[in-house]
Amino acid sequence: MPATDASLMPPPSRTMNFNAGPAALPLAVLEACRDELVDFGNTGMSIMEHSHRGAAYEAVHHDAIARLRSLMSIPDGTGTGGYDILFMQGGASQQFAQVAMNLLSPGASAGYIVSGVWGEKAVSEARAVASQSGATVHVACTTASSTPGAPSEASLNPGRWGGDAKYVRVPDAEEVALAPTDAYVHLTTNETIDGVQYATAPGAIFPSFGTVPVVGDMSSDIAWRPIDVRQFGLIYAGAQKNLGPSGVTVVIIRRDLVEAGRTDIPVIFQYRTASRNTSLYNTPPTFSIYLMRQVLAWIGNLGGLEAVEARNRAKASAIYRVIDAFPEFYRCPVAVDSRSMMNIVFRLPTPALEEAFVASSEAHGMVGLRGHRSVGGIRASLYNAVEPAWADALAQLMHDTATRHA
Ligand code: PMP
């Protein structure tokens, strides 16, 4: 690890961005985007100015879908053997409701596994939908150390990780109690605020529940490594962490679930509408999809998801290594086998030391390290476009800070 203070300086003109999302984008992507911003492919106009019905944009659109399919090895068969890739708007937050709108018929139910704050929000929105449609939503498992539901006043206490963090682990499949009427089971593969992630060991798989489709909110850990998409009935993710800018949400849905979806909800919310129109039913977020395509190409150039996994694991190890080396100074509340590779949360001994650490990081050209406002502490988000050198610089700063206070 570099030892001089100068080594902590960012590359010229680039800030070391540890934001939780919107997050860092690859410099090569931004530069390519800049170069063709006012004249896309010698058309004399920006991609933003092209019609979504025109050949120039359509080529971009279909290429983005093809690249994601290839990168994540998303099966293209029929029925249960194939998945549609849909580009939606409204963020992952809209999917909290849209999943339930499509998949919950009257009399049906859905089980939600809650391992963090975003899971709580997903249940709450699904409940609102279910109450309108004669269906029910239940918490099939929660790992909260206090009552599930909206974050309590107590959870807003910045000192809550001084020993009683609310979410510190993912559950085992045996802890999950499904009902026979459950049409799906929902989980959050990575809890962005709590730093709690499923299946982090190399090659680990996600929990399965017989034939009940698993719906995964993969907003903060899609495409950080290869997975077997067939472990899920539906995956959704906002692009603004691992895949590109905000404005587009990716939905990967098994084709039989598209067909089985409700037909008595507004057309715009039916997955079949996006499916039948290749996400061109109405005007899509063309610029976001264009930029996502560039990021997908960049991941491909890095060597695909295997290479990205190695790069991401190295970044996370650099940070966790320092946390574990100074147990008197740093504390990560998350159980070791649930520790997120994407969002690393930790505390320093006092809020004052945390403030000083954030100030020091900013002086060294780093941004985005303050923990989510609801939980406090420090959070380092290490998404795909975060450079390994930035993680090394952060690890060095953490090392130096702890040593100074030893
Ligand atoms: N789920 C998870 C796991 C998230 O991290 C976020 C955003 N941070 C959301 C859902 C909500 O996403 P959006 O802002 O795109 O609605």
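**Group meeting talk: Gln270, the ligand shell and the salt bridges**

Let me begin with Gln270, which touches Asn102, Arg262, Thr263, Asp264 and Ile265 once residues up to four places away in sequence are set aside. Before going further I should say that this is a predicted model, and that each value I quote was computed from it.

Gln270 sits in the loop that runs between helix 5 (255-260) and helix 6 (271-276), and with a relative accessibility of 6% Gln270 counts as buried. One of its contacts can be described in more detail, since a polar atom of the Gln270 side chain lies 3.2 Å from the backbone oxygen of Thr263.

Staying in this part of the chain, Arg272 belongs to helix 6, and its contacts, leaving aside neighbours within four places in sequence, are Val258, Glu259, Ala260, Gly261, Arg262 and Thr263. Thr263 is therefore a residue to look at twice, because it is listed among the contacts of Gln270 and also among those of Arg272, where the cut-off for a contact is heavy atoms within 4.5 Å. What is the nearest side chain of opposite charge to Arg272, and how far away is it? That side chain is Glu259, at 4.6 Å, and Arg272 is buried yet has no salt bridge. The reasoning rests on the cut-off, because a salt bridge needs the side-chain nitrogen within 4 Å of a carboxyl oxygen.

Let me turn to the salt bridges that are present. Side chains of opposite charge can pair when their charged atoms come close, and a search of the whole structure finds 17 salt bridges. I will take a few of them in turn.

In one of them, Asp63 pairs with Arg293, and the closest N and O atoms are 2.8 Å apart. This pair links distant parts of the chain, with Asp63 in helix 2 (residues 55-71) and Arg293 in helix 7 (residues 286-302), 230 residues apart. Are the two partners buried or partly exposed? Asp63 counts as partly exposed at 23% relative accessibility, whereas Arg293 counts as buried at 18%.

Another such pair is Glu387 with Arg311, whose side chains meet in a salt bridge at 3.9 Å, N to O. Here too the pair links distant parts of the chain, 76 residues apart, with Glu387 in the loop between strand 13 (378-381) and helix 10 (388-405) and Arg311 in helix 8 (residues 304-325). Glu387 is partly exposed, with a relative accessible area of 31%, while Arg311 is buried, with a relative accessible area of 15%.

A further salt bridge joins the side chains of Arg169 and Glu175 at 2.9 Å, N to O. Arg169 is partly exposed, with a relative accessible area of 30%, and Glu175 is partly exposed as well, at 33%. Beyond these pairs, a network of salt bridges links Arg69, Asp76, Asp84 and Arg255.

Now to the ligand. The residues around the ligand are Gly91, Ala92, Ser93, Phe96, Trp118, Thr188, Asn190, Thr192, Asp217, Ser219, Gln240 and Lys241. Which element gives the most to this shell? It is helix 3 (residues 91-103), with 4 residues.

As for polar atoms, an oxygen atom of the ligand lies 3.2 Å from a polar backbone atom of Ala92, and an oxygen atom of the ligand is 3.0 Å from a polar side-chain atom of Gln240. A nitrogen atom of the ligand, in turn, is 2.8 Å from an N or O atom in the side chain of Lys241. Taken alone the ligand exposes 390 Å², and the protein buries 84% of that.

I will finish with some details of the backbone. Gly21 and Pro22 are joined by a cis peptide bond, with omega at about -5°, and Pro22 has its place in the loop between strand 1 (16-17) and helix 1 (27-35).

Ala223 has a positive phi of about 60° although it is not a glycine; Ala223 is in the loop between strand 8 (214-217) and strand 9 (234-238), and it is buried, with a relative accessible area of 3%. Ser279, also not a glycine, has a positive phi of about 60°; Ser279 is found in the loop between helix 6 and helix 7, and at 5% relative accessibility Ser279 counts as buried.

Notes
Residues are numbered from 1 along each chain as its sequence is written. This is a predicted model: local features need pLDDT of at least 70, side-chain atom pairs count only at pLDDT 80 or more; totals for chains, interfaces and linings use all residues. Side-chain values use heavy atoms; hydrogens and water are left out. Helices (H or I, at least four residues) and strands (E, at least two) are DSSP runs, numbered from the N terminus. Buried means under 20% relative accessible area, exposed over 50%, partly exposed in between (1.4 Å probe, protein chains only). A polar contact is a pair of N or O atoms within 3.5 Å; within protein, one must be able to donate a hydrogen and the other to accept it, and residues adjacent in sequence count only if both atoms are side-chain atoms. Lys and Arg count as positive and Asp and Glu as negative; His and the chain ends are not counted. A residue is near a molecule or strand if one of its heavy atoms lies within 4 Å of it. Accessible areas come from the Shrake-Rupley method with a 1.4 Å probe; for residues, only the protein chains shown count as cover.
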